[in-house]
Amino acid sequence: MRKSAGSDTLDSFAGQMVEKLSYDATETDFVLMFHRIVAEYPESMKKMVHESSLAMRGTPGQTSATALTVGKPLAIAAQLLLDGAIHKKGVVRPITHDIYQPMTRALADAGIKMLETEREV
């Protein structure tokens with residue numbers, strides 16, 4: 001297969017990025033996610049605050065937290081598709097029970113779990 005004219009430049013740039021942006025053996029990353037949703041329920045006159053958070057640190061010399069929190073959900077979704085657990089076709093957002101429930105269970109089994117709280121205000 002013949003390389004395109006720009007591929008040498010792209011390969012060189014990619015090599016520079018790997019060299020400059022790779023973690024040292026003692027370095028790691030940290031993923032922090034926080035969501036707060038304030039919901040008002042007119043029928044009950046209640047106002048609730050729902051919070052969800054995730055804090056995950058990568059392991060030095062091993063897998064980064066970013067790689068885990070990006071790669072694991074994709075791998076789990078692919079496995080669910082292959083297993084026939086997801087029946088929808090095309091680009092699908094994980095906002096229905098049939099998709100997000102098995103995914104959140106599998107993510108929790110893999111150690112990726114949001115801490116969720118709710119309180120009335």
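## Starting at strand β3

Let's begin with strand β3, which covers residues 115-120. The number of its 6 residues that are buried is 0, so β3 lies largely in the open. Keep in mind that what you're looking at is a predicted model.

So what does β3 pair with? Its partner is strand β2 (residues 46-57): the two run antiparallel and are joined by 6 bridges. You can pick out facing residues along the way. Glu51 sits opposite Thr117 of β3, and Ser52 has Glu116 of β3 across from it.

## The sheet as a whole

Now step back a little. The sheet is an open one made of 3 strands, in the order β1-β2-β3, with antiparallel pairing. That puts β1 and β3 at the edges, each pairing on one side only. If you ignore direction, neighbouring strands here are turned by 15° against each other on average. As general background, strands of a sheet pair through backbone hydrogen bonds, in either a parallel or an antiparallel way.

On the other side of the sheet, β1 and β2 are linked antiparallel over 12 bridges. For one example, follow Val38 across to β2, where its bridge partner is Val49. These two strands make a hairpin with 4 residues between them, and Met45 in that hairpin has a positive phi near 60°.

## Salt bridges on the strands

How many salt bridges does a search of the whole structure find? The count is 4. One of them brings together the side chains of Arg36 and Glu51, at 2.6 Å from N to O. Since Arg36 belongs to strand β1 and Glu51 to strand β2, the pair ties together parts that are 15 residues apart in sequence.

Is Glu51 buried or exposed? With a relative accessibility of 16%, Glu51 counts as buried, because the cut-off for buried is under 20%.

Another salt bridge is formed by Lys47 and Glu40, whose closest N and O atoms are 3.9 Å apart. Lys47 counts as partly exposed, at 35% relative accessibility. Glu40, at 58%, counts as exposed, since exposed means over 50%.

## A salt bridge by helix α3, and a network

Moving over to the helices, the side chains of Asp98 and Lys88 also meet in a salt bridge, with 3.4 Å from N to O. Asp98 is in helix α3, while Lys88 is in the loop between α2 and α3, so this pair ties together parts that are 10 residues apart in sequence. Both ends are partly exposed: Asp98 has a relative accessible area of 37%, and Lys88 has one of 34%.

There's a small network to look for too. Arg36, Glu51 and Arg119 are joined into one network by salt bridges that share partners.

## The largest pocket

Next, the pockets. The largest pocket holds about 730 Å³ of space. Its lining is made up of 22 residues, and the ones nearest the centre are Pro94, Tyr100, Met103, Thr104 and Leu107. Two elements give two or more residues to this lining, α2 (65-83) and α3 (97-109).

Which element gives the most to the lining? That's α3, with 6 residues. As for what kinds of residues line the largest pocket, there are 16 nonpolar, 3 polar and 3 charged.

## The second largest pocket

The second largest pocket has a volume of about 200 Å³. Here the lining takes you back to the sheet, as the elements that give two or more residues to it are β1 (30-41), β2 and β3.

Which residues line this pocket? They are His35, Arg36, Ile37, His50, Glu51, Ser52, Met114, Glu116, Thr117 and Glu118. Sorted by class, that lining has 2 nonpolar, 4 polar and 4 charged residues.

Some of these names have come up already. Arg36 and Glu51, both in this lining, are the pair that meets in the 2.6 Å salt bridge. Ser52 and Glu116 line the pocket as well, and they're the residues that stand opposite each other between β2 and β3.

Notes
Residues are numbered from 1 along each chain as its sequence is written. This is a predicted model: local features need pLDDT of at least 70, side-chain atom pairs count only at pLDDT 80 or more; totals for chains, interfaces and linings use all residues. Side-chain values use heavy atoms; hydrogens and water are left out. Buried means under 20% relative accessible area, exposed over 50%, partly exposed in between (1.4 Å probe, protein chains only). Two strands pair if DSSP finds at least two bridges between them. On a 1 Å grid over the protein atoms alone, a cavity is a set of points where a 1.4 Å probe fits but cannot get out, and a pocket is an open set with protein on both sides within 12 Å along at least five of seven lines; lining residues have an atom within 4 Å of a point. Grid points are joined across faces, edges and corners, and a volume is the space filled by probe spheres set on the points. Ala, Val, Leu, Ile, Met, Phe, Trp, Tyr, Cys and Pro count as nonpolar, Asp, Glu, Lys and Arg as charged, and the others, Gly among them, as polar. Axes are lines fitted to C-alpha atoms, for helices over the stretch in contact, and angles run from 0 to 180 degrees between N-to-C directions.
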